[in-house]
Amino acid sequence: MKTLYIDCGMGAAGDMLTAALLELTPDPVKFVEKLNTLGIPGVEYRAAPCVKCGIKGTRMEVLVHGGEEGAEERGHAHERSCRETGGHERRHEHIHEKPCEHARGEEHMSEHACGGHHHHAGMSDIEKIFASLDMPEEAKADALAVYKIIAAAESSVHGVPVSEIHFHEVGAMDAIADVAAVSLLMLEIAPARVAASPVHVGSGAVRCAHGVMPVPAPATARILEGVPIYGGDVRGELCTPTGAALLKHFVSCFGALPPMRLEKTGYGMGMKNFEDRANCVRAMLGEAE
């Protein structure tokens, strides 16, 4: 049985999962070219070699209107060598409840806190974007199902209907790009079974649109209900809502690496560097009984 095993020992994020799966394809360069023809508004995919703790992998960037979200806050780290900067997923999801008419000022204040972007996308907008993409219907269905997991978690956490959840435009395009890419890569690799390790979520706190939240962030924790998770001495958010939703949709079982004849291994590198551990997702493809 063709089996894909995802090692989440340093968590999971959309860009890291994309990069790890990309390394399992026969021609990663050609696949990135394919991703750039999907038609996601303002989005460009870039993949580059990256080394962390002596391990070579791939770092995936998603540029939205020419910039990678969070780059300014990181001092434009994406412009420097991966050897120098490293990293984890480029953002925490920026989510806002739809404000009442008398609460416009609160909406503007929240937008400013998130970096000054004043455009939002509702779930209906997300659905239209996925419907318009140049990708197989099976991959579109998977991608939309993943995004609905994220929206449902945000709806539950904020206590508002899914129809009133608005995603920051740049964060939405960034997440759409990750979800679309992983959905296409899963279709390309076509495993009969997808398994994963328990998910390392990190520790401490993360700052997002509504303030400082404990790790895992509330939406991530809601998505990961029913999934084995653990913390540890790594400070920071290791599993993002997008990464959690992708795992929840595609992974059928969580546990130890099953006996398998290993054929190929891919390493998807994140943004952050940690002193003594490679910040990556490892994807292992092989034949299992």
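**Exercise 1. State which residue is the bridge partner of Pro49 in E3, and place the two strands in their sheet.**

Step 1. The bridge partner of Pro49 in E3 is Thr58. Strands (E, at least two residues) and helices (H or I, at least four) are DSSP runs, numbered from the N terminus. The model is predicted: local features need pLDDT of at least 70, side-chain atom pairs count only at pLDDT 80 or more, and totals for chains, interfaces and linings use all residues. Residues are numbered from 1 along each chain as its sequence is written, and side-chain values use heavy atoms, with hydrogens and water left out.

Step 2. E2 pairs with strand E3 (residues 55–64) in the antiparallel sense over 10 bridges; pairing requires that DSSP finds at least two bridges between two strands.

Step 3. The open sheet has 7 strands in the order E2-E3-E15-E16-E1-E7-E14, with mixed pairing. Its edge strands, E2 (43–52) and E14 (253–254), each pair on one side only.

**Exercise 2. Describe how H5 and H6 pack.**

Step 1. Helix H5 (residues 123–132) and helix H6 (residues 137–158) have axes 10 Å apart, at an angle of about 165°. Axes are lines fitted to C-alpha atoms, for helices over the stretch in contact, and angles run from 0 to 180 degrees between N-to-C directions.

Step 2. H5 and H6 are therefore roughly antiparallel to each other, a term for angles over 145 degrees.

Step 3. Contact (heavy atoms within 4.5 Å) joins residues of H5, including Met123 and Phe130, to residues of H6, including Leu144 and Tyr147. The contact residues comprise 8 nonpolar, no polar and 3 charged. Ala, Val, Leu, Ile, Met, Phe, Trp, Tyr, Cys and Pro count as nonpolar, Asp, Glu, Lys and Arg as charged, and the others, Gly among them, as polar.

Technical notes:
Parallel < 35°, antiparallel > 145°, perpendicular 65-115°, else oblique.
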